[in-house]
Each structure stands twice: as structure tokens, then as C-alpha cells.
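Here are a few exercises to work through with the model open beside you. Try each one yourself before reading the solution.

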Amino acid sequence: MSNDVLSERARIEAAVAGRTLVEALAETATAFADRPAYSDKHEVPEGESWRTITWAQTRDLALDVAAGLVHAGVQVGDTVAIMATNRIEHFVADMGAVHAAATPMSIYNTLSPEQVAYVAAHARPTVVVLENDDHRARWAKALEETDSIRKVVMLGQGWDDLVAAGRAYRVTHADELDARAAGLDPEAPATILYTSGTTGNPKGVVLTHHNVMYEALSTLEAAGLHEAQTAISYLPLAHIAERVLGLYGPQIQGSHMHAIGDPTGLLAALGEVHPTSFFGVPRVWEKIKTGLSAKLAADPDPANVKMVRDAMAAGLAWVEAQEVGGTMTPEIEEGYRQAEEAILGFLKLLLGLDRVTWAGSAAAPMPIEVARFMAGLGLKVYDVYGMTETCGAVTANGPEGFKLGTVGRATPGMEVKLGEDNEVLVRGPVITPGYHLQDEATRALIDEDGWVHTGDIGTLDEDGLFSIVDRKKELIITSAGKNIAPSNIEGYLKESPIVGHAMAVGDGRPYVVAILTLDGEIAPIVAQQLGLEFTDLADLAEKPEIRAMAQKAVDEANARLSRPEQVKSFELLPVEWTAESEELTPTLKLKRRVVNTKYADVLDRLYG
């Protein structure tokens, strides 16, 4: 390990030494007492668009919930399960469990009753917090079978009762809460996250207070975010990126988070909130690109189209000049200034991204064309890389150094290298102590020297920036022995505005084929522009004009691919893929095995 890595690690370790989230929240609630902490649109008072609580109110409510949980019989080290959308109560329930010296765990809202029952039997929660009847139905089997559950708290009256009981209990038992907080060890679990898993039963990743404190500080530093932000929380809180950016980081920094319960409302929320920092999984950036592209394509005035194209070329040149190895010139600076004044500033305002100083992406490789499109608006989307088992980002692009198409350099104090087969290996203070009650799986993840074997294939360039090729187990090896990264092919296919999702298949087969779905929002707009009449997406998928556009998407992708990578045949499905329909994880990543099984007949046809 280099001296630089050691000194960076020592510096951050000194800042988090001996500290827990309890202390972080206490300091923030004192320093930013009257500043807004969390806003959402649930049960909004008459005449207001958001309900908001301050940092002082957040901590006070968290202590009430902590006391309510203790009163309900939650012991030190017990687990508390939460299934709810992103809303004030979800964040506060998590903090309350922490203050009761228990371990909160957010459970994906899309898990089936069987999966929930598995998680409940494995983690054995004492209290379960649920938002609505749908969540209660998903927990029905678990509630029947898991004898550890002593109390179910439903948001609404049940939540109000828990808070009221806790408030009363605090008056007479303040010493008990103080003792629990004082006894909390930084190596105690801050959460257990059950990975959404594309195969088999989910594994519970244990993350300690030390893990999350170190990760939050190193991530904020790598991002250049040195003060409180205004941001949007929309990814599930069962996902590590949302926990770091929406829960742990704000508790340290005093940021103002706007939680939206339904991610389909994200683009509208951007227009209302105008965040200063914004994290989007690649699918979100793809949606922004296709939506704006469709609007530009619909403009009948060629002069307008040319102005936008020229401005975006100036934006791209300006961003590329700031990349590692790039050179900024006065001409590029001036060209961007004029483009920003002419149209780019307006386009960003339209998208709600006009105040963004940090834009990030992770969870899957960011297609380079999407990154370049955003750069055309003058937006540097910093791609970062990590996993639940590393408590989030371990490499990051940022203001100190970035290159489009890479995931940047190791975050402060982290060791990242390429092992056998170019697998990405990671070591440092953010690594999970292991999977909950799964020692064999832990040994398969972390070797005896402390390196996490990520299962991702990477490359390292001459400037020390990493790129992720694909998941090791998802690489296609054709029957001719060619190794192919499917995400590269899929990224090209999704550049078509009508294509929502794409999956390339070819493992053990003579050639590559693809299954495509229409984009449920953009494809109908494109169809209307073409004057097509249709009843629904299934009808639209049959239209010759739409099928021709899908064929064009394949042809254009093939023109940029090597011969073994080229798509020889494809099928355009009459359905959309969502987390609910099982083809996607809750963070909109492909579940390849599900698609392979569900559409086996389609694949048989394509290879027929």
C-alpha cells in the first residue's frame, strides 16, 4: 500500500474514530437545528406542496421512535425491519432503531411474500414497520411464520401511537436511551441490507457504523461536496447508494433531502426542487437523454435544431477539455459561455438541473453516449463504482479528476486493483465484516488477505482510472470461444429513443441475439409524431414503422461492434420490463436469468 493511500486513510480514520451515527446526528441537529432536513409529499398540509421537518425535529422524532421501540421490547442488537416508500417516517424509523442500539433494515418493496418470509426467518426482526396494505400482504407469510416479531407498526395511527408511547417513555427513562447510545460500538451493525439478488436467496450484507461513517466522509470528499446540499431521494432505501447519499451523508452534512415515494415522479420533482447535487442510476440519465432528444427531434425549425447541436458541441468540448489529459483553451471557455447563455442554461433549467454542481451515476456501467450527451449540456456526470459489500463507492470520478467512460480512481484511503482475469479487488475500511449468518458466503467474498472479490471485470488506464467491463458471470462466451460484454451491446441498442430495455444473449451459442422492449414514455410520443394510431404498447410494437426503427437501432449498433459482437436477430416484445414484472431489480438492472427463463420460447425462435 502506498504512503499516499495510508495517509489519506489515517486522515479519514481520525475524523471518524470512535464515532457512531448517534453522535453524527446529535452534532448536525445542534449545528443546523432550524434548517430543513427531510421533505416529502405524504399527508401534505392544506395549501402546501411539501411537508418538511428540521434537523432538530428529525433528531427529536428519532429519539421518540427509539424510546417507543425500547418500550415495545426491542433489545440491544435486535433487528427492526422497515418496508415503506421514501418518506420522512422511513428515514426517522431507521434513525430511531439506531438510537435504540438496534439494527434497522430496509426491505425492498418489490420482494414477494416468499422472499420476505426468507429474510424475516433469517434476520429475525423484533418490530416491523410497514406503510400500507400492499406491504402488509407481502409480510403476511412472514408474520405468520416468524416467532421473533413482537409488534407490527403501520404508518398512520400505528406510527402516531409508537411516537406518543415513546415520548411518554422518554420522560421517565431518559437514562436508558443515553446508556444505549453511549454503549454503541462503532463496529456494531448500522444496517443489514439484503441484496436484491439476480439469483437465489438474497444475502444480508452487514455494514457497521464505522463502515458507513468512513464511506460517507470519503464519498463526500471524492465528490467535492464540502457543504450541505439540496437533493432528491428516490432510490429504494434498501439500496446502498440511497443510504449513503440520502441517509448517512445528510446526517453528517446537514443536507436537505426531498423524498419522493414514486420514482416515476422523479422528473417532475427535479423541476420543483432544482437540486444542487443529483445522483441518477444509468436508466435515469438514459430517460433524460431520450426525453430531451425526442423534444429536439420534434422541433420543425432547422435553425433551432442547428443552434442546439452547435451549443451541445461546445458543451461537450468544454467538458472534454477538463478531463484527465484534456487541455482548456480561452476559445473553448468562450464557446461554452456563449452556448450556456444561448440555450444550454435554459435546457438545464427546463430539466431542473440548473443548480447541480455534482451529478453522479452508478449501479451499472454508464453508456458513453449518454455521458457525452449530458456533457453536451455542460453537465459532468461523475460515474462511480462500488457494491453493497463495499458500503457503496470505492472508485469515483470527481472534480479532482475524471474521464468519461471510466469510474475514476480509488476513493480516499481505499485500495483497488485488478486480480486474475482482471477481476476488480477492493480492500479498506468500508468493507463489510461479512454476510449475516453466512460464513461460507463471506469466505467466498473476502480472501484471507482482506480483499473483496467483486465479480466485476475491469480495466485500468495509463492515468490510473478504472473502467468496468461487465459482471464476470454475465460475460457472453460464444460457442466459438469469443468473450463478449453484453452491457456494451445493450448500451448501443438503447441509444434509440424508442428502445426502453435491451438484453443481448449468446452464451454458449453460435452468435448474439437481442430481446428489446419499447420505452413506455418515449415510444408513444415518437409514434404520435409519425401520425400512427395505436391502442397500447403491444399494438405499437406490431407497427411496421416502429419495427423499422428497432431494426435501425440494431443496424446502427452493429456498425459500431466487432463481427462476433453483432446482433444477428432480435425480437421486439409487446410488454415493458419493470421491477414489478420481475425482469428488473429495484434499481432497474437486468435480471438476466429471469429474462432467459421467461422468454425461452422467444430465444428458441431467434436461434431457430
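**Exercise 1.** Which residues do ring pairs link into a cluster?

*Solution.* Keep in mind that this is a predicted model. The cluster is made up of Y38, W55 and F91, joined by ring pairs. Zooming out, you'd count 8 aromatic pairs in the structure.

**Exercise 2.** Work out how the rings of W318 and Y336 are arranged, and what the pair connects.

*Solution.* Start with what to look for: a pair of aromatic rings is described by the distance of the centres and the angle of the planes. For W318 and Y336, the centres are 3.9 Å apart and the planes differ by 5°. Planes under 30 degrees apart count as stacked, so this pair is stacked. Next, find the two residues in the fold: W318 belongs to helix 12 (residues 302–321) and Y336 to helix 13 (residues 330–351), so the pair ties together parts 18 residues apart in sequence. Finally, check the surroundings: W318 and Y336 are both buried.

**Exercise 3.** Do the same for Y382 and F402.

*Solution.* Here the ring centres lie 5.6 Å apart with the planes at 75°. Anything over 60 counts as edge-to-face, so that's the label for this pair. Y382 sits in strand 13 (residues 381–387), while F402 is in the loop between strand 14 (392–396) and strand 15 (409–410), so the pair ties together parts that are 20 residues apart in sequence. Are they buried or exposed? Buried means under 20% relative accessible area; Y382 has 4% and F402 has 5%, so both are buried.

**Exercise 4.** Check the length of helix 12, then see what holds its start and what it packs against.

*Solution.* At 1.5 Å a residue, the 20 residues of helix 12 should span 28 Å, and the end C-alpha atoms are 28 Å apart, so the two agree. At the N-terminal end, D301 acts as a cap, with a side-chain oxygen 2.9 Å from the backbone nitrogen of A303. The buried residues of helix 12 include V308, A311, L316 and W318. Its buried residues pack against helix 11 (282–297), helix 13 and helix 14 (368–376).

**Exercise 5.** Describe the setting of V426.

*Solution.* First locate V426: strand 17 (residues 423–427). Its relative accessible area is 0%, so V426 is buried. Beyond its neighbours within four places in sequence, V426 contacts several residues, among them V416, I431 and W451. V416 is 10 residues away in sequence, yet its C-alpha is 4.6 Å from that of V426. As for W451, the charged end of K417 sits over its ring, 4.3 Å from the centre.

Note on methods
Residues are numbered from 1 along each chain as its sequence is written. This is a predicted model: local features need pLDDT of at least 70, side-chain atom pairs count only at pLDDT 80 or more; totals for chains, interfaces and linings use all residues. Side-chain values use heavy atoms; hydrogens and water are left out. Helices (H or I, at least four residues) and strands (E, at least two) are DSSP runs, numbered from the N terminus. Buried means under 20% relative accessible area, exposed over 50%, partly exposed in between (1.4 Å probe, protein chains only). Contact means heavy atoms within 4.5 Å. Rings of Phe, Tyr and Trp (its six-membered ring) pair if their centres lie within 6.5 Å; planes under 30 degrees apart count as stacked, over 60 as edge-to-face and the rest as tilted. A charge sits over a ring if NZ of Lys or CZ of Arg is within 6 Å of the ring centre and within 35 degrees of the ring normal. The expected span of a helix is 1.5 Å times one less than its number of residues. A polar contact is a pair of N or O atoms within 3.5 Å; within protein, one must be able to donate a hydrogen and the other to accept it, and residues adjacent in sequence count only if both atoms are side-chain atoms.
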